[in-house]
Amino acid sequence: MHIVVKYGLRLLLVIVCGLVSARFFSYERGAHFGFDRRLLKSRQFWLGALVGLVFLFSDYRFAHYLTLPK
């Protein structure tokens with residue numbers, strides 16, 4: 001059950017990063033922001049999701065490098 005929660009929260013982080021970046025760029029352009037299929041197809045959403053994945057990967061690598069060997 002713990003692993004399901006962990007992966008669920010990781011997925012949530014990636015989606016939230018995508019939504020935040022899509023919201024930021026739509027506000028910058030003055031476009032309407034709404035939760036629809038066009039949002040999921042936008043390049044800004046996927047760039048934000050990629051940033052979320054990079055954040056997760058770097059967090060994993062830092063945790064791996066900063067742990068003491070047993």
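How many helices and how many strands does the protein have? In this predicted model, the protein contains three helices and zero strands, and the order of elements, read from the N terminus, is α-α-α.

With respect to packing, buried residues constitute 19% of the 70 residues in the protein. Among the contacts in the protein that have a separation of 6 or more, 53% are accounted for by residues lying 24 or more positions apart. The accessible surface of the protein amounts to about 6200 Å², and carbon and sulfur atoms contribute 71% of that surface.

A nonpolar patch of about 920 Å² is found on the surface, where it is formed by Met-1, Ile-3, Val-4, Val-5, Tyr-7, Leu-9, Leu-12, Val-16 and Val-20. One of these patch residues, Tyr-7, is located in helix H1, which comprises residues 2-29. The relative accessible area of Tyr-7 is 49%, and this residue is therefore classed as partly exposed, given that the partly exposed class lies between the limits of 20% and 50%.

Helix H1 also includes Leu-19, for which a relative accessible area of 23% was computed, so that Leu-19 is likewise assigned to the partly exposed class. Leu-19 is further related to a position distant in sequence, Ala-49, which stands 30 residues apart from Leu-19 along the chain; the C-alpha atoms of Leu-19 and Ala-49 are separated by 8.1 Å in the model.

Note on methods. Residues numbered from 1 in each chain as written. Predicted model: local features only at pLDDT ≥ 70, side-chain atom pairs only at ≥ 80, totals over all residues. Heavy atoms only, no water. Helix = DSSP H or I, 4+ residues; strand = E, 2+ residues; numbered from the N terminus. Buried < 20%, exposed > 50% of the residue type's maximum accessible area, 1.4 Å probe, protein only. Contact = heavy atoms within 4.5 Å. Areas by Shrake-Rupley, 256 points an atom, 1.4 Å probe, with all protein chains shown as cover. Patch = residues over 30% accessible without salt bridge, like charges linked within 9 Å, V, L, I, M, F, W, Y side chains within 5 Å. Salt bridge = Lys/Arg side-chain N within 4 Å of Asp/Glu carboxyl O.
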